[in-house]
Amino acid sequence: MQEELMASTNAAIISPYQGLPPRAFWRTGVSARDPLDPGDLYTRRFSITKNARIVTAGSCFAQHVGRTLRTSGYAIVDEEALPQAVSDKVAHRYGYRLYSARYGNIYTSRQLFQLLREAYGEFVPAEAVWERDNRYYDAFRPNVEPDGLESEALVREHRAAHLKRVRRAFEGLDVFIFTFGLTETWIHRHSGTVYPTAPGTIAGSFDPALFAFCNLDFHEVLSDFESCRSLIMGNNPGAKFIITVSPVPLTATASGNHIEVATSYSKAVLRAVCGALVERYDNIDYFPSYEVITSQRAGGAYYDSNLRSVTTNGVNTAMKLFLAAHDDAIQVEKFTKISDTLPLNQEEELICEDLFLDRFATSGQTK
Amino acid sequence: MKRIVVVGNSHIIAMRDAWHIIKDDYPRLNLNFFGTSGGIFQHLRIDSEMRFGCVQGVELNPNQLAGLRRDAGAETINLHDADAVIYVGFVSYERPIAKIIAEFNIDGLCSGSEGSRMSAAAYRDFVEDVARKAMPAEMWDGECIPSLVFVPTPRPSVDCSSGTLPIYEGWKRLIARNSEVANSLDVYLDRLEEIFASRAIRMVRHPAAALADSGLTRSEFSRGSATFQANIHGAEDFFHMNRDYGRLQLIDTLSALRLV
């Protein structure tokens, strides 16, 4: 390839870097950019039309993606839709209107694969119902009923009905947008069942004989998502995928590493998997929301004072880049008008199970 | 003689027509009707003199003003010397609630939908949220207007099963369901009634005798209804009710006033 390139160009060219666009160089692609301008960080691989049926899932940051696309007029699938008369705040409290079905946050590739397998009757998860104060919670979406339900049987009935909706969502989609969030998860030792949050955090109890910490590696995440892709395409051959990595750092780590080191590991694995997936499959595109928010050019400006939550401005910058690449300027303008009226710190309204972990943090000094 | 002012949008017609038939049964009541089509009615306001209608600050275009004069016979009506005020046709937001009932099985309330499950707690919170949206503008204050009663828009008739407009979608799916539907709607109206009461407003429900098991209005009550724009029942109009419905609703409303 390189030889062909060399042969086809002027003999005076002495380097393969000669003639490359400004985006290929750090000085012109980053240093010279306005601090909060993402520039041309993203070039779409395929377009998404307004009529495309889009299913969204992923970690908390994925809620921004779904909300923005819905606001901008895209056809976000909602298999458990509430009437618009119910306000977002109340709907979100019960897990409605966050994603294309009421599955809550899906932080890991393993959790996604498990959900799909369960929806297609290929997997029966272990310890699927957690109890707290005589109320019962769906272990895989513990936030969708903040006060739990009356009985374990009722939780199972709700889940069975929900899984039908999940199947419908994935069978009817044109585009699946998934935001990778974490590699760390908690696994049921005997069955391999994973949970979005550690047992005992929101409900249930932690038994080390039953559950173990698991930090997925590159190969596992890659394999999980490839399996998801196969499963989805097995029922929906025309499906396309857009993947992204959440720029939100971990709230806590059980890896034994410092939280920054653990975050770096997780994000590096997830980013590398995205790269591999895009290399391997033509129907997968990567959207660099991670790069937009964490860019050194932005100097941390897209993070809130806790250096973790992404600001409204950060979300808007990333999503405008996405919209600009995928549709006409009208939608971007429309979104710009809407986003300008959004309150700051809107990210506080995100429903995130992992924030519960923060209560375990002590104020002790680092050794 | 007690003076009762009845204001409202096009749904006032059924009650106005019914009054002509039953007024002899209420010799001590004098009802003054002041209604116009919803598109005009929504702009009308109450001023500091307790006059309702096209008062200072209300901007109607010439066509709307002419429509108001034609429909109501005047531009304003006095509320200050009324013994009671009846507001007919407030939007009760039952439609989104009907849509929820149509699409979800709600724990302990209704089943039979092929849709997803919804917990009783979630339904209760959604009901509360929607009911708050149904509250009328602050000018309708039961502390300032004595014996203020609100009458909701009728539920569509069961004939809406043949309707093609999107507004009937949720309702259509309830028709074949059992009385659990009506119970679920009642949960909403119960809460609505409580919130109205907190503003010293009484809310009158749809007349029970006019409702089918599904909670929608029985077919015979929507035949021969009229609006301000048309004297005949439009082919896609299953919301406006006739004089017989108006009679049942008016009797219930006058009873709620406790003036007779």
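**Reading a two-chain interface and its aromatic pairs**

Guide: In this predicted model, chain B and chain A bury about 1,600 Å² between them, and 60% of that area lies on carbon and sulfur atoms. Within the area that chain B buries against chain A, S116(B), R117(B) and F126(B) supply 34%, more than any other three residues.

Visitor: How many residues does each chain bring to the contact?

Guide: Chain B gives 20 residues to the contact, and chain A gives 21 residues.

Visitor: How should I read the charged and polar links, and how many salt bridges does the rule find across the interface of chain B and chain A?

Guide: The general idea is that a salt bridge pairs a side-chain nitrogen of Lys or Arg with a carboxyl oxygen of Asp or Glu, within 4 Å. Across the interface of chain B and chain A, the rule finds two salt bridges. In a salt bridge between D125(B) and R93(A), the side chains meet at 2.9 Å, taken from N to O. For polar contacts, the count between chain B and chain A is nine residue pairs, with both residues at pLDDT 80 or more.

Visitor: Which elements give two or more residues to the side of chain B that touches chain A?

Guide: They are α4 (94-103), β8 (116-118) and α5 (120-133) of chain B, and α5(B) gives the most, with seven residues. Sorted by kind, the residues on this side of chain B divide into nine nonpolar, three polar and eight charged.

Visitor: Now I would like to read the rings; why is the pair of W130(A) and Y195(A) called tilted?

Guide: The general idea is to look at the angle between the planes, where under 30 degrees counts as stacked, over 60 as edge-to-face and the rest as tilted. The structure holds 34 aromatic pairs over all chains. The rings of W130(A) and Y195(A) have centres 5.4 Å apart and planes at 35°, so this pair is tilted. The pair links distant parts of the chain, since W130(A) sits in strand β3 of chain A and Y195(A) in strand β7 of chain A, 65 residues apart.

Visitor: Are W130(A) and Y195(A) buried or exposed?

Guide: Both W130(A) and Y195(A) are buried. As another case, the rings of F287(A) and F322(A) have centres 5.1 Å apart and planes at 90°, so that pair is edge-to-face. F287(A) lies in the loop between β10 and α9 of chain A, while F322(A) lies in helix α10 of chain A, 35 residues apart. Both F287(A) and F322(A) are buried.

Visitor: Which residues of chain B form one aromatic cluster?

Guide: The cluster is formed by F34(B), F41(B), F52(B), Y87(B), F90(B), W140(B), F150(B) and F196(B).

Technical notes. Residues are numbered from 1 along each chain as its sequence is written. Chains are lettered from A and ligands numbered from 1 in the order in which they are written. This is a predicted model: local features need pLDDT of at least 70, side-chain atom pairs count only at pLDDT 80 or more; totals for chains, interfaces and linings use all residues. Side-chain values use heavy atoms; hydrogens and water are left out. Contact means heavy atoms within 4.5 Å. Buried area is the accessible area (1.4 Å probe) that two parts lose on being put together, summed over both. A polar contact is a pair of N or O atoms within 3.5 Å; within protein, one must be able to donate a hydrogen and the other to accept it, and residues adjacent in sequence count only if both atoms are side-chain atoms. Helices (H or I, at least four residues) and strands (E, at least two) are DSSP runs, numbered from the N terminus. Ala, Val, Leu, Ile, Met, Phe, Trp, Tyr, Cys and Pro count as nonpolar, Asp, Glu, Lys and Arg as charged, and the others, Gly among them, as polar. Rings of Phe, Tyr and Trp (its six-membered ring) pair if their centres lie within 6.5 Å; planes under 30 degrees apart count as stacked, over 60 as edge-to-face and the rest as tilted. Buried means under 20% relative accessible area, exposed over 50%, partly exposed in between (1.4 Å probe, protein chains only).
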